[in-house]
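Q: Please take a close look at how two helices pack against each other in this structure, and then place that contact beside the other parts of the model.

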Amino acid sequence: MFRRRRGTGRATGERAGPVTAQGPVSDALTLEGVGREYRRGVVALHPVDLAVPRGRFLAVMGPSGSGKSTLLQCAAGLDRPTAGTVRIGGTEVSSLSEAALTRLRRERVGFVFQAHALVPSLSVAENVALPLLLGGTAGTEGTERVRQGLADVGLGERGDAAPSELSGGQCQRVAVARALVTGPDIVFADEPTGSLDPAAARDVLALLRRAVDRDGHTVVMVTHDPVAAAWTDEALFLAGGRVVGRETRPDAAQVGRIMRSLGRVEGVECDGGHQRRGRDGGRAA
Ligand SMILES: Nc1ncnc2c1ncn2[C@@H]1O[C@H](COP(=O)(O)OP(=O)(O)OP(=O)(O)O)[C@@H](O)[C@H]1O
């Protein structure tokens with residue numbers, strides 16, 4: 001359970017995963033023909049194919065109602081798609097029993113939501129430890145994980161505090177530590193900066209970026225914000241429940257143009273070839 005991966009150092013945009021003696025390591029996330037239809041023929045998501053390699057930071061963008069949350073929920077095993085298959089770290093999610101799915105979500109998936117959803121009656125450290133305790137794994141190694149996780153998000157001295165004693169940005173940093181503590185195959189973040197001021201948003205995005213670059217984590221983030229998308233390796237654009245564009249190494253200005261165009265047309269062409277500015281350039285939230 002306590003896997004700590006180092007960053008792959010791969011150039012973004014490179015498709016192949018790392019190779020072992022047994023062959024290529026599976027992608028962190030694979031969707032094959034994944035669709036979601038509600039009753040009365042409401043199609044929230046038309047069949048989507050998507051592979052997210054390990055060590056990738058992906059933004060999912062699109063206008064309101066375009067299917068972003070539906071895609072994220074199906075991909076994360078929070079909702080069952082009505083078509084297609086989802087694999088997380090090579091495990092086919094669609095065929096798991098509810099109990100096995102719950103265990104997979106707890107042990108192999110991290111979540112960061114717009115509202116941090118910390119348990120108010122637990123301390124900051126207990127909140128971070130929660131996924132470990134629920135998974136039946138605590139002890140010395142768990143304690144060290146929590147300590148390291150809080151130090152990583154700059155809150156090493158605040159483990160005994162109550163969530164109510166922290167700012168919104170600090171709470172969201174705790175939520176990031178909690179999402180990473182099990183060493184998950186993938187972290188899903190749904191508008192993680194949507195409730196934060198620009199400085200706090202920048203802190204959270206920098207933590208997610210570092211989790212990918214330094215520790216080889218994989219992050220899929222739904223966002224409306226072009227500035228947030230500019231922290232990622234690739235942005236996927238949805239409109240009307242379909243994938244209508246992808247942009248590698250997105251920058252905020254280009255993403256803003258694409259988002260504006262999506263307000264007017266159903267399809268969009270992305271150049272994908274422009275150079276992203278440096279890690280800090282154009283990323284100030
Ligand atoms: N439970 C449901 N029953 C019926 N239709 C639904 C349900 N949930 C979502 N939808 C519809 O599916 C479509 C996609 O919704 P979804 O929430 O995935 O969009 P979104 O891009 O995340 O929107 P937003 O940015 O506003 O959160 C919308 O038309 C929505 O009305």
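How are α3 and α4 oriented to each other, and why?

A: In this predicted model, helix α3 covers residues 124–134 and helix α4 covers residues 139–152. Two packed helices are described by the angle between their axes and the distance between the axes. The axes of α3 and α4 come within 9 Å and cross at roughly 125°. Angles of 65 to 115 degrees count as roughly perpendicular and those over 145 as roughly antiparallel; α3 and α4 are therefore oblique to each other. Their crossing is right-handed. On the α3 side, the contact is made by Val124, Ala125, Val128, Ala129 and Leu132, and on the α4 side by Gly142, Arg145, Val146, Gly149 and Leu150. By class, these residues are seven nonpolar, two polar and one charged.

The ligand shell has a composition of its own: three nonpolar, seven polar and one charged residues. The ligand is surrounded by Tyr38, Val42, Ala44, Gly62, Ser64, Gly65, Ser66, Gly67, Lys68, Ser69 and Thr70. Helix α1 (residues 68–75) gives the most to this shell, with three residues.

Beyond the helices, four strands form an open sheet in the order β4-β3-β6-β7, with antiparallel pairing. Strands β4 (43–52) and β7 (91–92) stand at the edges with a single partner strand each, so one side of each is left without a neighbour in the sheet. Within the sheet, β3 (residues 29–37) and β6 (residues 83–88) pair in the antiparallel sense over five bridges, and Glu32 stands opposite Thr85 in β6.

Key
Residues numbered from 1 in each chain as written. Predicted model: local features only at pLDDT ≥ 70, side-chain atom pairs only at ≥ 80, totals over all residues. Pairing = 2+ DSSP bridges. Helix = DSSP H or I, 4+ residues; strand = E, 2+ residues; numbered from the N terminus. Axes fitted to C-alpha atoms, helices over the stretch in contact; angles between N-to-C directions. Parallel < 35°, antiparallel > 145°, perpendicular 65-115°, else oblique. Left-handed = near helix turned anticlockwise from the far one by under 90°. Contact = placed C-beta atoms within 7 Å. Nonpolar A, V, L, I, M, F, W, Y, C, P; charged D, E, K, R; others polar. Near = placed C-beta within 6 Å.
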